[in-house]
Amino acid sequence: MSTENLPSSPEQPPRKPRVAVVFGGRSSEHGISTVTAGAVLKAIDRTKYDVLPIGITREGRWVLAADAPERMAITERRTPEVEDVAESPEGALVLPADPGNREIVYSEPGAVPKALGEVDVVFPVLHGPFGEDGTLQGLLELAGVPYVGSGVLASAVGQDKEYMKRIFTSFGLTVGPYTVIRPREWEQDAAAVRKKIVDFAGVHGWPLFVKPARAGSSIGITKVDDLAGLDDALEEARRHDPKVLVEAAVRGREIECGVLEFEEGPRASVPAEIPPPEAHAYYDFEAKYIDSTPGIVPAPLTEEQTAEVQRLAVQAFEAASCEGLVRADFFLTEDGEFVINEINTMPGFTPISMYPQMWQASGVSYPELVDRLVQAALRRPTGLR
């Protein structure tokens, strides 16, 4: 780390660590990422950290964003965009891919590039591809900049629902029935794909859930009750991801559990239950973020069930080699078995999101949660670990 911004007088305190909150991005979850950034910017302790908000536009350009959390909220059922809070629509930021230089450079057309100073840690609140899937994590590893959350492998596994399930199965976790439609399969023989799905439904029954294999926030998911809706569902999923996951319905209660990495290792929160939303067929994007269907925290489970889902959540965290934080989502079936649906390596992180709510109920406030994650990232080196 350079001493450029360090005080010269011994009486002055050392400079505060600089946290870059990176948000937005190229995925369909751009708006939710921006909402999350607003919550983190509002909660982070400014007496302890300097903060640099960095937005990534839908086209992938890094821009200097205004430190204006109030402009990053859902208004009139619309999620905000990075462009709504960009300091200059023409300016761009560059993070050097050089472990010896963490200085962010800002440039505008016709102006001399301006150094904004070093970044000590990145808090990436990106969701979905090109951010939560290991791509940004790889860039930060190359640059030698510590960051909040899981590394390249765990982030990629947490984004790709097929390989996530494969890893869970190999570690003894129970997953629901599923089949995968790869891009080449659909392009070469769509009729064979339809038959494959119909045969799958013949074994496991309707309805089926057709979803992008590498997306989140319930975007692109369709509940399909019969063959008539299948083609439209596949088209919608493929609009977000050429690889599609088809899952059988798992009948049971939806239970979530948060995992947070402490110095002594990962620890699970109290679990929460997601009740069936009254105005929606399932817990979709509108139910999650627009209508804000409330969860039940803590979930009404027995002590034994609570201990079991906490154990399984930590097991999933370790199976995928996660770091920092994870939200693990389960179904509790009628015969009392927990079936893991997925993990999120950067879960929804607004104060009303389930992950912070579960930790609030476990004795960790939202500002403390943000601080713990930043401190853990500052302690953790980049590279092989």
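**Exercise 1.** In which loop is the place of Ser-88? Determine also whether Ser-88 is buried or exposed, and list what it touches.

*Solution.* The model examined here is predicted. Step 1: Ser-88 lies in the loop that runs between helix H2 (82-85) and strand E4 (92-94). Step 2: its relative accessible area is 11%; because buried means under 20%, Ser-88 is buried. Step 3: leaving aside residues up to four places away in sequence, Ser-88 touches Leu-64, Tyr-106 and Glu-108. Step 4: the side chains of Ser-88 and Glu-108 are joined by a polar contact of 3.0 Å.

**Exercise 2.** Establish which residues of helix H7 are buried and how they are arranged about its axis.

*Solution.* Step 1: H7 comprises residues 190-204 and reaches 21 Å from its first C-alpha to its last, close to the 21 Å expected. Step 2: Val-193, Ile-197, Phe-200 and Ala-201 are buried in H7. Step 3: the buried residues fall within an arc of 100° when seen down the axis of H7, so they line one face of the helix. Step 4: Lys-195, Gly-202 and Val-203 are exposed on the other side of H7. Step 5: the cover over the buried residues of H7 includes strand E8 (178-181), helix H6 (183-188) and helix H8 (230-240).

**Exercise 3.** Describe the largest nonpolar core and identify the element that gives the most to it.

*Solution.* Step 1: this core has 34 residues, and Val-21, Phe-123 and Phe-349 have the most contacts inside it. Step 2: H12 gives the most, with six residues. Step 3: residues touched by Phe-349 include Phe-123, Tyr-366, Leu-369, Val-370 and Leu-373.

Key. Residues numbered from 1 in each chain as written. Predicted model: local features only at pLDDT ≥ 70, side-chain atom pairs only at ≥ 80, totals over all residues. Heavy atoms only, no water. Helix = DSSP H or I, 4+ residues; strand = E, 2+ residues; numbered from the N terminus. Buried < 20%, exposed > 50% of the residue type's maximum accessible area, 1.4 Å probe, protein only. Polar contact = N/O pair within 3.5 Å; in protein donor to acceptor, adjacent residues only side chain to side chain. Contact = heavy atoms within 4.5 Å. Core = buried A, V, L, I, M, F, W, Y, C linked by side-chain atoms within 4.5 Å. Expected span 1.5 Å × (residues − 1). Arc of directions from axis to C-beta.
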